[in-house]
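Dear colleague,

I am passing on the structure we spoke about, and below it you will find my notes on the cysteines. Please read them with the model open beside you.

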Amino acid sequence: MDVLWLIPCYACLLCSMGRTRAMSHCIRQSQSISDGESLVSEGGTFELGFFSPGSSTDRYLGIWYKNIPVRTVVWVANRKTPIKDRTGVFTINSTGSFVVTSRTDGDIWSTNPFKDAEAPALQLLDSGNLILRDEKGSNSDVYLWQSFDYPSDTLLPGMKLGWDLRSGLNRRLSSWRNSDDPSPGELSTGIELHEYPQAVIRKGSRKYFRGGPWTGEGFSGAPELRVNPVFNYSFISNKDEVYYTYQLKNKSVISRLVLNDTSSSRQRYVWVEADRAWRLYASVPRDYCDTYGLCGANGVCVISDSPICQCLEGFKPKSPESWNSVDWSQGCIPSKPLSCQSKDVFVKFSHLKLPDTANSRVNGTMNIKDCREACLKNCSCMAYSNSNIRGQGIGCVLWFGDLIDIRQISNGGQDLYIRIEASGQAKRRVIKAVLITLITVALLSGLVFLCYYLSRRKKKDKGIGGQDCTSEGPKVELELPFFDLATVAHATDNFSVNNKLGEGGFGPVYKGTLEDGQEIAVKRLSKSSGQGLSEFKNEVKLIAKLQHRNLVKLVGSCIDDEEKMLIYEYMANGSLDSFVFDQTRRKQLGWSKFFQIIDGIARGLLYLHQDSRLRIIHRDLKASNVLLDAELNPKISDFGLARTFQGDQCGDNTKRIVGTFGYMAPEYALYGLFSVKSDVFSFGVLLLEIVSGQKNGCFHHPHQHHNLIGYVRFEEVSVSSCLNIS
């Protein structure tokens with residue numbers, strides 16, 4: 001153990017003897033490093049030095065990845081106090097503090113003094129953590145100070161997001177103001193302390209997004225934290241600490257979580273070495289339902305329904321007039337006043353993000369039966385659930401008063417038991433009994449029909465291709481190549497995370513290279529996807545017959561056992577949203593290129609609506625469904641939800657509302673009516689996003705409660721009124 005203790009001391013001694021400090025990873029007391037010099041971690045992963053962000057000339061002391069060509073800063077010391085010239089120096093002073101100074105302004109930034117430290121040394125670790133410790137003290141392995149305790153906008157593997165209750169330290173992320181200014185922006189995120197702690201993103205002082213409380217397996221509102229091959233997640237809550245952290249299963253993977261003020265989102269990135277670029281792995285808010293408290297008190301947001309806000313069972317809109325005009329802010333109230341007697345009952349709701357825990361209580365040892373009794377005895381208790389869902393579930397959470405910020409999570413979430421008046425429950429049971437009877441009759445009838453249908457198909461061809469083909473016709477009908485699973489797996493390096501380009505509602509997308517050298521993008525249907533075989537077949541049938549320079553080209557498909565994949569031409573510049581909503585990448589294009597992109601999208605839509613053999617309505621046109629090739633030519637993609645019409649038919653109506661809220665035309669979102677005009681509306685939203693650089697679903701104006709469309713309409717009305725334009 002004594003020998004191990006000497007290793008960092010010996011390394012620091014060597015670095016102090018060398019002429020250059022660019023290769024060192026530690027400095028000792030009274031040594032200094034000036035602007036133009038740097039510390040490099042022992043394994044060469046991270047570098048500490050002075051830098052200027054974006055187009056700014058101000059100087060900051062920060063840490064960035066050493067071997068990544070695009071400088072990616074993960075921590076900044078003097079965020080609020082930039083140095084205006086290149087005279088910056090950092091050192092350990094006589095009191096044991098880590099200090100940043102400049103020749104013109106004196107002390108710029110420093111840690112607390114550590115006068116008891118005999119031999120303080122500053123060291124940059126390969127984890128990205130900058131540590132200050134006493135090499136000669138009795139606890140030389142205990143850090144006097146570490147940058148991981150004072151994060152900027154980035155959470156690295158092994159960092160803690162949350163509280164040290166012994167010292168009162170609260171580790172929170174805060175976004176950069178913009179790419180040129182690392183000072184704290186509007187967004188901040190951390191763990192908020194209640195009896196049942198929860199992760200929250202705030203925009204200024206207001207709650208903006210809530211991930212829900214930890215359930216023992218993940219945050220109830222964050223299905224992206226499900227079991228995956230890349231990350232391990234942990235949440236620790238005890239009398240000393242309350243924090244969230246994550247680790248990488250494969251140490252060769254490079255990943256970071258960053259709070260982005262420009263896109264108003266928390267983004268998780270993975271570095272893809274083959275592309276020499278960061279790829280977005282997951283991002284929140286994901287959609288409109290992630291807006292905090294969107295449906296008001298006792299309302300639930302269901303992104304696949306229209307309207308997306310509904311009152312919980314046993315509740316009704318507080319203001320029906322406002323509710324019907326799509327103003328859900330006043331929420332819902334009980335349909336009948338609760339009697340606060342033992343005849344009140346609880347209705348079980350599944351797959352929910354649990355309500356805001358600000359007004360909740362927790363008992364970690366109580367079982368779910370006792371939890372129900374405890375809630376029933378308290379007139380203010382509105383709901384209960386398990387605090388830990390592992391196994392059969394343990395612990396008890398009680399909610400008091402209004403239930404705020406609930407949404408349905410189709411591939412995750414948790415059970416919640418909500419209190420309603422008993423008479424309403426009796427009616428519900430009658431309806432349930434009738435439905436069960438009808439469903440039973442329908443299933444028996446369906447079984448008889450299925451047996452007849454299978455006997456008729458016994459000798460027919462199995463369908464569109466692969467080893468297990470569907471019934472859409474022989475391969476030759478579509479004139480489309482089909483790939484077996486082994487070929488696709490080989491092309492994508494067995495679906496390696498390094499080849500992952502992103503993930504949508506369909507599932508993950510991987511980059512691949514065929515044996516002839518052709519680069520492809522493989523869209524792999526996820527088993528938990530909201531889209532299914534019908535959307536898959538729909539996209540194959542449609543896009544295989546479409547030929548236009550502004551539509552993505554389908555190279556082939558694969559159906560093998562449970563795998564269903566579409567193989568497209570590879571688009572080198574990814575999706576349009578990665579340029580539109582990233583202020584740095586927007587500047588790379590300029591307005592002339594954006595105009596060409598807009599023109600190309602319009603030409604693609606014109607082909608779908610007028611020039612193709614069939615009239616095609618896309619129904620999900622948005623920035624992420626427009627891909628850009630190597631020359632930045634736009635190509636419309638993702639035809640899984642498209643509908644085709646013949647002759648003069650221009651539209652239809654449906655009870656199944658699909659697509660992305662925020663891009664849907666009002667008549668489609670509210671009544672299921674869609675036509676070519678629906679795509680034109682989506683194109684208009686996309687156009688506003690390109691012009692403004694703001695995402696419609698995430699847009700927020702500090703003085704108005706409009707989305708991007710409402711804001712533009714409000715501004716148009718205001719200008720018209722001032723100019724007396726009718």
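I begin with Cys 396, which counts as buried because its relative accessibility is 2%, under the 20% that serves as the cut-off for that word. Please keep in mind throughout that this is a predicted model, and that every value here is computed from it.

The partner of Cys 396 is Cys 371, and the sulfur atoms of this disulfide lie 2.1 Å apart. The torsion about their S-S bond is about 70 degrees, and the link is therefore right-handed. It ties together distant parts of the chain, since Cys 371 belongs to helix α3 (residues 368-376) while Cys 396 belongs to strand β32 (residues 396-400), with the two positions 25 residues apart in numbering. Cys 371 is likewise buried, its relative accessible area being 0%.

Which cysteine is joined to Cys 295? The model pairs Cys 295 with Cys 309 in a disulfide, at a sulfur-to-sulfur distance of 1.9 Å. This link is left-handed, with -80 degrees about the S-S bond. Here too distant parts of the chain are linked, for Cys 295 sits in the loop between β24 (277-284) and β25 (299-301), whereas Cys 309 is in strand β26 (residues 309-311), and the two are 14 residues apart. Cys 295 is buried at a relative accessible area of 3%, and Cys 309 is buried as well, at 2% relative accessibility.

Strand β26 also holds Cys 311, which takes part in a further link between distant parts of the chain: its partner, Cys 332, lies in strand β28 (residues 332-334), 21 residues away. The S to S distance in the disulfide of Cys 311 and Cys 332 is 2.1 Å. Its torsion about the S-S bond is about -85 degrees, so this disulfide is left-handed. Cys 332 is buried, with a relative accessible area of 3%.

How many disulfides does the model contain in total? The count comes to five, on the rule that the two cysteine sulfur atoms must be within 2.5 Å. The links described above, including that of Cys 371 and Cys 396, are among them, and I have not described every one here. One further cysteine deserves a mention, namely Cys 558, which is buried because its relative accessible area is 0%, under the 20% cut-off.

With best regards

Terms used:
Residues are numbered from 1 along each chain as its sequence is written. This is a predicted model: local features need pLDDT of at least 70, side-chain atom pairs count only at pLDDT 80 or more; totals for chains, interfaces and linings use all residues. Side-chain values use heavy atoms; hydrogens and water are left out. Helices (H or I, at least four residues) and strands (E, at least two) are DSSP runs, numbered from the N terminus. Buried means under 20% relative accessible area, exposed over 50%, partly exposed in between (1.4 Å probe, protein chains only).
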